[in-house]
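Hello,

Here is the structure I said I would pass on. My notes follow below it.

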Amino acid sequence: MEAPLLSINNLKVYFSGEGDDIKAVDGIDFDISNESIMCVVGESGSGKSVTSLSVMGLVPKPEGYIADGSITFKGQNLIDFTEKEISNIRGNEIAMIFQEPMTSLNPVLSIEVQMVEQLLRHKKISKKNALVKIKEMLEFIGFSRTEQILKSYPHELSGGMRQRVLIGMAMLCEPELLIADEPTTALDVTIQAQVLELMKQMKEKYSTSVMMITHDLGIVAEIADEVVVMYAGQIVEKASADDLFKEPLHPYTQALLKSIPKIGETTRELYSIPGTVPSADNFPKGCRFAERCEYAVESCHKKMPELREIKARHFVRCDLVEGGEPDNG
Ligand code: SF4
């Protein structure tokens, strides 16, 4: 079997504060295969964004630190890399796009200057050839008047155009892995659909794998090959997208699915999961979802459930789901 492009094993990312450490990510394992789209889903406070920052070597220091585990990219543990080594990979072999493109683009530089800089930072290529490549990329991402876009400053473009520019910029070096943290949250639904379609096309054209961070299962249904559902720093369910939507097994996943509006449904009030994610500096001893789980029994509050493979490649952290063995790695 082909080795995964990225393999995260027992990753723990903690933040030190005044009291106990904040366990933002608390022992997670997953792989991203070549040319696949993995969605990491969860509410805010689930640890999904900290996971993506860890892969990019961008966990804020000194308060944030990797307490344990490994992040293996193409056979090398990124955690052992020096800052210089990781910055050579960042933007080149692994690229990232964020929710609000305005924060990632420099407001005082034209798109041309920023795109040329991005390409020349990582590739030995003349400025003339860089411009040819950039124009090709702009055309690929759907811009017809490329000259006009290149001369523009970020504030002269709409939110959707900026996000497309940012995806194009991220893809200029043809990274093997694109990490996208809520890339469509700030966009309206039509533009959101265009951006998701563009990401699928990018995967096809450049054989790029995508790690998409989102709170929105609607987006997952649209784009994912594989899904990891995170809750309170842990993985509570992981499966192929087909299996997850066909048979969601964890009560948290089921509750997330209940909160998606359905087309044509106008009468039902939107479901929202009661309560909030427990505080990461004081997790309960038992199941971290117990306070909000409609199926919780006494034992759920006493013992932490293990992540178990219930069916082939379908893992769940809930003791009330029958079958499977604990997943010990
Ligand atoms: Fe709910 Fe108990 Fe399962 Fe946790 S272990 S998800 S509390 S049923």
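A polar atom of the Arg 164 side chain lies 3.3 Å from the backbone oxygen of Gly 142. Please keep in mind that this is a predicted model. Arg 164 sits in helix α7, which covers residues 159-171. Its relative accessible area is 14%, and because buried means under 20%, Arg 164 counts as buried. Beyond its neighbours within four places in sequence, Arg 164 is in contact with Ile 141, Gly 142, Phe 143, Gln 194 and Leu 198.

Val 297 belongs to the loop between α11 (251-258) and β11 (308-311). With a relative accessible area of 37%, Val 297 is partly exposed. Its C-alpha atom is separated by 21 Å from that of Met 230, and the two residues are 67 apart along the chain.

On the ligand: the residues surrounding it are His 250, Pro 251, Cys 287, Ala 290, Cys 293, Ala 296, Cys 300, Pro 305, Cys 318, Asp 319 and Leu 320. By class, this shell has nine nonpolar residues, one polar and one charged.

On empty space: the count is one cavity of 30 Å³ or more. The largest cavity holds about 40 Å³. Its lining consists of Tyr 231, Gln 234, Val 236, His 250, Cys 287, Arg 288, Phe 289, Pro 305 and Arg 317. Five of the lining residues are nonpolar, two are polar and two are charged. His 250, Cys 287 and Pro 305 appear both in this lining and around the ligand.

Regards

Key: Residues numbered from 1 in each chain as written. Predicted model: local features only at pLDDT ≥ 70, side-chain atom pairs only at ≥ 80, totals over all residues. Heavy atoms only, no water. Near = heavy atom within 4 Å. Nonpolar A, V, L, I, M, F, W, Y, C, P; charged D, E, K, R; others polar. Helix = DSSP H or I, 4+ residues; strand = E, 2+ residues; numbered from the N terminus. Buried < 20%, exposed > 50% of the residue type's maximum accessible area, 1.4 Å probe, protein only. Polar contact = N/O pair within 3.5 Å; in protein donor to acceptor, adjacent residues only side chain to side chain. Contact = heavy atoms within 4.5 Å. 1 Å grid on protein atoms, 1.4 Å probe; cavity = no way out; pocket = protein on both sides within 12 Å on 5 of 7 lines; lining within 4 Å. Points joined across faces, edges and corners; volume = space filled by probe spheres on them.
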